[in-house]
Amino acid sequence: QVQLVESGGGLVQAGGSLRLSCAASGNIFSINTMHWYRQAPGKQRELVASITKTGVTNYADSAKGRFTISRDNAKNTVYLQMNSLKPEDTAVYYCHAPWIFTATGGSDYWGQGTQVTVSS
């Protein structure tokens, strides 16, 4: 059974940094594009950053220039380095992998989320 587990969240002051990790476990053959989403209280879940299997990245305007998404395919792990954090970055951050391939085929998976709180 495939599982995505996020880690690295916590409380940080504005201007600080956090590095989130999302590790996929299971008998995984490959993972296509991976995403980081976030959801603040009372707001819709939004896409923050994406990275393809080959390392092509995309960022939301709010994250551009401050966040860096990366991945380690050998570890089936995606990272989100967050610098210059702002209070509006406060949210639960989720990793998402729409296509994780195992012996049974490809499936969509979400992590359970990790809380990021940025104080002013």
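In the predicted model, four strands form an open sheet in the order β1-β3-β9-β8, and their pairing is antiparallel. The edges of this sheet are β1, which covers residues 3-7, and β8, each of which pairs on one side only. Neighbouring strands of the sheet are turned against each other by 15 degrees on average, with direction ignored. The pairing between β8 and β9 is antiparallel and comprises 6 bridges. Within this pairing, Phe-67 has Met-82 of β9 as its bridge partner.

The loop that connects β8 (67-72) to β9 (77-82) contains Asn-76. The backbone of Asn-76 adopts a phi near 50 degrees, a positive value in a residue other than glycine. Most residues other than glycine have a negative phi. A second case is found at Ser-84, which is not a glycine and yet has a positive phi of about 50 degrees. Ser-84 lies in the loop between β9 and β10, the latter strand covering residues 91-102. The relative accessible area of Ser-84 is 42%, and this residue is therefore partly exposed, since the partly exposed class lies between the limits of 20% and 50%.

A search of the whole structure returned 1 disulfide. The bond is formed by Cys-22 and Cys-95, with an S to S distance of 1.8 Å. Distant parts of the chain are linked by this pair: Cys-22 belongs to strand β3 (residues 18-25) and Cys-95 to strand β10, with the two positions 73 residues apart in the numbering. The torsion about the S-S bond is about 50 degrees, so the disulfide of Cys-22 and Cys-95 is right-handed. Cys-22 has a relative accessibility of 0% and therefore counts as buried. Cys-95 likewise counts as buried, because its relative accessibility is 0%.

The structure also holds 4 salt bridges. A network of salt bridges links Arg-38, Glu-46, Arg-66 and Asp-89. In one of these contacts, the side chain of Arg-38 meets that of Glu-46 at an N to O distance of 2.7 Å. The two partners fall into separate accessibility classes: Glu-46 counts as partly exposed because its relative accessibility is 30%, whereas Arg-38 counts as buried because its value is 5%.

Arg-38 also forms a salt bridge with Asp-89, the N to O distance being 2.9 Å. This pair links distant parts of the chain, as Arg-38 is situated in strand β5 (residues 34-39) and Asp-89 in the loop between β9 and β10, 51 residues apart. With a relative accessible area of 1%, Asp-89 is buried. The side chain of Asp-89 meets that of Arg-66 in a further salt bridge, with an N to O distance of 2.7 Å. Here too, distant parts of the chain are linked: Arg-66 is located in the loop between β7 (57-59) and β8, 23 residues apart from Asp-89 in its loop between β9 and β10. Both Asp-89 and Arg-66 are buried. Asp-89 thus takes part in salt bridges with Arg-38 and with Arg-66, while Arg-38 is also bridged to Glu-46.

With regard to the chain as a whole, the secondary structure consists of 12 strands and 0 helices. The pattern along the sequence is accordingly β-β-β-β-β-β-β-β-β-β-β-β. The radius of gyration of the chain is 14 Å, close to the 14 Å given by the globule rule for 120 residues, so the chain is as compact as a globular protein of that length. The C-alpha trace spans about 45 × 25 × 20 Å along its principal axes. Among the 120 residues of the chain, 43% count as buried. Of the contacts in the chain with a separation of 6 or more, 55% are accounted for by residues 24 or more positions apart.

How values were computed: Residues are numbered from 1 along each chain as its sequence is written. This is a predicted model: local features need pLDDT of at least 70, side-chain atom pairs count only at pLDDT 80 or more; totals for chains, interfaces and linings use all residues. Side-chain values use heavy atoms; hydrogens and water are left out. Buried means under 20% relative accessible area, exposed over 50%, partly exposed in between (1.4 Å probe, protein chains only). Two strands pair if DSSP finds at least two bridges between them. Axes are lines fitted to C-alpha atoms, for helices over the stretch in contact, and angles run from 0 to 180 degrees between N-to-C directions. A disulfide is a pair of cysteine sulfur atoms within 2.5 Å. The radius of gyration is taken over C-alpha atoms; the globule rule is 2.2 Å times the number of residues to the power 0.38. Contact means heavy atoms within 4.5 Å.
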